[in-house]
Every structure is written in structure tokens, then in C-alpha cells.
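Visitor: Got a minute to walk me through this one? I'd like to start with one strand and then zoom out.
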Amino acid sequence: MRLEGERWRTLVSTVRLGRDEYRVVRPARPLRHAPLYEGYMGVETCVDKAAALDIAMAWAFAMRSPRTVVYLPLRQSDRECRSSDGPALDLVLLHRSLGFRLSKWRDVRAKLRGGRPHTVVCRGMPQERPVPRWSQEMLRGAIVEGTVFVVGSRSTFQAGGQAFRQLIEDCPRHMHEAPGTHCCAEITAKDQHWNWLHVVYCDQHRVSTRR
Ligand SMILES: [Zn+2]
Ligand SMILES: [Zn+2]
Ligand SMILES: [Zn+2]
């Protein structure tokens, strides 16, 4: 499957908070199989193919949307399939250039209403250009009040996105050829374990493509 050209149905909201205004984009339908929780090395979500595709499309959209907060309310997911206990978490992707204080998120989220339906056609995840190691930026990851924030830039989302591209475009073949194989995307964030955000296909429901 190619990521490019896939359609992501979203809801777009504009939230006013004091003098500031934020554009928030979230999936029109909840991701059914993507419980997000704290694991040993960072955070982990266990996905089926449909949820993996939604997260990858959200990531590709966030990469190109420096003025938008991308919100994946993963707390609404099926909670059965997970490798560790602990509270269910949400995921938010945003650019550092937005200057968003993470502690404000709770107020922004509380003001979200219905939102305007908008379908995003995924433009894919371009290969990253090699950059010298000394100038490599990294994504930042933080957990604040039950939400996992990934804060980056176009280039850091693009670097992290390669793992999502493989998850969508290559892993279905791996899992077909060797059904029990461990297939995942591993995202690195600054000052965290190298595999800080671990997106792994569920052993039992990996073949489901319901949407
Ligand atoms: Zn794989
Ligand atoms: Zn893994
Ligand atoms: Zn499952």
C-alpha cells in the first residue's frame, strides 16, 4: 500500500483562547485500535492496519502544517491490546515554531466543538535529505496531563516519518511473509530512549483493515 493518495477524514476547529487562536485538526472518526500508554522506554501504541494508516496520515499532515495542532484522541481506543498497564493517553503533534505552551492544551481541548469536516489527501512522506550529524535536530517528546506531545519541525517530522512510511508500505509484506514477525515504527526524541515512541502492530488484529 502507498501512503501517498490515501484519504484522511478530519474535523477542523478554530479555538480562541484569550487573544490567541489555534487551528486543531483531529480524525473525523475515532481510531478504534490504537491504545497509547507508557511502556518501559517511553510510550507505545498497539495498532491494527487501519489505525496505523490514520496515525501515519496524521504525521504526514502535521509535518506540512506548522500552524496546526494535530490531535489524536487515542484514549477513545480499544483498551484490550496493550503490553503494559497505566492510564490511556492522547497524542498531539505540533511544530515548535507555533510557540504553544503545552499546559494550555487542556483549555484548548475543552473548547473543541463539532468542527468542520475536511478530507486530507495524503501527500506521502518524502525521503529525508541527509544532514550532517552535528546539525541534526530532534523531535521533542513530553507527557503532560495524560497527553503525549510530539513537538518538531518539518525536517524532524520528516525524519521520524520514515518509520511510518515503512510501517504502512513495507510491513504488510513482512507480516504476510512471516505472520508472527514484530513489525513497528520506532521514533526517537531528544533526551529520551532511542525508541521513545513505539508504534507496533497488534499480534492478534494486525490484519484488520476496517475503517
Ligand atoms: Zn515490518
Ligand atoms: Zn518494535
Ligand atoms: Zn489487538
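Visitor: So how many residues of strand β9 are buried?

Guide: In this predicted model, 6 of the 6 residues of β9 (residues 147-152) are buried, so the strand is largely enclosed by the rest of the structure. Buried means under 20% relative accessible area, exposed is over 50% and partly exposed lies in between, with a 1.4 Å probe and protein chains only. Strands (E, at least two residues) and helices (H or I, at least four) are DSSP runs, numbered from the N terminus.

Visitor: And which way do the β9 residues point?

Guide: T147, F149 and V151 point one way, while V148, V150 and G152 point the other way, and all are buried.

Visitor: Which sense does β6 pair with β9 in, parallel or antiparallel?

Guide: Parallel: β6 (residues 90-95) pairs with β9 over 6 bridges. Pairing here requires that DSSP finds at least two bridges between the two strands. Opposite F149 in β9 stands V92.

Visitor: What about β8?

Guide: Strand β8 (residues 140-144) pairs with β9 in the antiparallel sense, over 5 bridges. V148 in β9 has I143 as its bridge partner. The two strands form a hairpin with 2 residues between them, and E145 in that turn has a positive phi of about 45°.

Visitor: Switching topic, where does R29 sit?

Guide: R29 is in the loop between β2 (20-27) and β3 (36-38). Its relative accessibility is 45%, so R29 counts as partly exposed. W8 is 21 residues away from R29 along the chain, and their C-alpha atoms are separated by 9.9 Å.

Visitor: Zooming out, how many helices and strands are there in the protein chain?

Guide: The chain has 4 helices and 11 strands. Buried residues make up 51% of its 211 residues.

Visitor: Why does the radius of gyration agree with a compact globule?

Guide: Because a compact globule of 211 residues would have a value near 17 Å, and this chain has 16 Å. The radius is taken over C-alpha atoms, and the globule rule is 2.2 Å times the number of residues to the power 0.38. Along its principal axes, the C-alpha trace spans about 55 × 40 × 35 Å.

Visitor: Any fine print on numbering and confidence?

Guide: Residues are numbered from 1 along each chain as its sequence is written, and chains are lettered from A and ligands numbered from 1 in the order in which they are written. Local features need pLDDT of at least 70 and side-chain atom pairs count only at pLDDT 80 or more, while totals for chains, interfaces and linings use all residues; side-chain values use heavy atoms, leaving out hydrogens and water.
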